[in-house]
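User: Please take a close look at one part of this model, the surroundings of the ligand. I would also like that part placed in the context of the whole chain.

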Amino acid sequence: MRYEIRSGGEVSKVADGLIFAAAKAQDPLTVTAVVALGGDRHLCCDEIIVALDGAEIVGAATIAPKGESGADMPEIVGVFVMATHRRRGVGRELFVRAIERCRARGLVPLKATLITRMMRVLVKKLPADALRDVQIVDHSHMSPW
Ligand SMILES: CC(C)(COP(=O)(O)OP(=O)(O)OC[C@H]1O[C@@H](n2cnc3c(N)ncnc32)[C@H](O)[C@@H]1OP(=O)(O)O)[C@@H](O)C(=O)NCCC(=O)NCCS
């Protein structure tokens, strides 16, 4: 399995299209788009880092330059990997690349809110330097996962 991970507006446009189109619910791109940009996220996020398996988006991390509320510090508001592609390092890679992308854009310090235990374990395993300008808000205890 080969993954290419990239950032850019081109893919987020595709994702936006799927959110508003009547695409099949289980289509991997639909699931990724809804999770990554669902709710109000398409309003607060201006960039999405995606993991591609061939042409298929199998994971995503979203960047909100002013946080999820639109009036806060920069934030990575969602990291999601398709269930079929988990535990292969994709989520870690997406999260680290989203942080690096924020740094490259001057979006530091930034915030990441952990809402699941899976994500908390992932973050705990990262070297301290990877998180040097990231404020981690841990809400994972509220999630059953
Ligand atoms: C959380 C999520 C993004 C992780 O993606 P992933 O590609 O499976 O993660 P990785 O393979 O990079 O895992 C990195 C490390 O995190 C930990 N981890 C990830 N998923 C785990 C799980 N289900 N149980 C225990 N540890 C887990 C492990 O330590 C793992 O390292 P290892 O496989 O060498 O043991 C993915 O499970 C997901 O999309 N979950 C649903 C959405 C979600 O919870 N998003 C986070 C919101 S804050």
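Analyst: The account below begins with the chain as a whole, turns to the ligand shell, and then follows the elements of that shell into the core. The model is a predicted one.

The protein chain has 145 residues, of which 32% are buried. Five helices and six strands are assigned in the protein chain, and from the N terminus their order is β-α-α-α-β-β-β-α-β-α-β. Among contacts in the protein chain with a separation of 6 or more, 59% are between residues 24 or more positions apart.

Around the ligand there are 18 residues, and those that come nearest are Arg86, Gly91, Arg92, Thr116 and Leu122. Three elements each give two or more residues to this shell: strand E4 (75-81), helix H4 (90-104) and helix H5 (117-124). The greatest contribution is that of H5, with four residues. By residue class, the shell comprises 10 nonpolar, five charged and three polar residues.

Beyond H5, the chain enters the loop that leads to strand E6 (134-138), and Lys125 lies in this loop. Lys125 counts as exposed because 9 other C-beta atoms lie within 10 Å of its own, where the limit for an exposed residue is 12 or fewer. Its C-alpha atom is separated by 9.3 Å from that of Arg92, although the two residues are 33 apart along the chain. Arg92 is itself one of the residues that come nearest to the ligand.

Two elements of the shell, E4 and H4, also supply residues to the largest nonpolar core. This core has 32 residues, and Ala60, Ala61, Ile76, Leu94 and Ala98 have the most contacts inside it. At least two core residues come from each of helix H2 (28-37), strand E2 (47-53), strand E3 (56-64), E4, H4 and strand E5 (110-114). Ala61 illustrates how these parts meet: with residues up to four places away in sequence left out, Ala61 touches Ile49, Ile76, Gly78, Val79, Leu94, Phe95 and Ala98.

Two of the strands that supply the core, E2 and E3, also pair with each other. They run antiparallel and are joined by seven bridges, with Ile48 opposite Thr62 of E3. Two residues lie between the strands of this hairpin, in which Gly54 adopts a positive phi near 70°.

In summary, E4 and H4 give residues to the ligand shell and to the largest nonpolar core, while H5 gives the most to the shell.

How values were computed. Residues numbered from 1 in each chain as written. Predicted model: local features only at pLDDT ≥ 70, side-chain atom pairs only at ≥ 80, totals over all residues. Near = placed C-beta within 6 Å. Nonpolar A, V, L, I, M, F, W, Y, C, P; charged D, E, K, R; others polar. Core = buried A, V, L, I, M, F, W, Y, C linked by C-beta atoms within 7 Å. Buried ≥ 20, exposed ≤ 12 C-beta atoms within 10 Å, placed from the backbone. Contact = placed C-beta atoms within 7 Å. Pairing = 2+ DSSP bridges.
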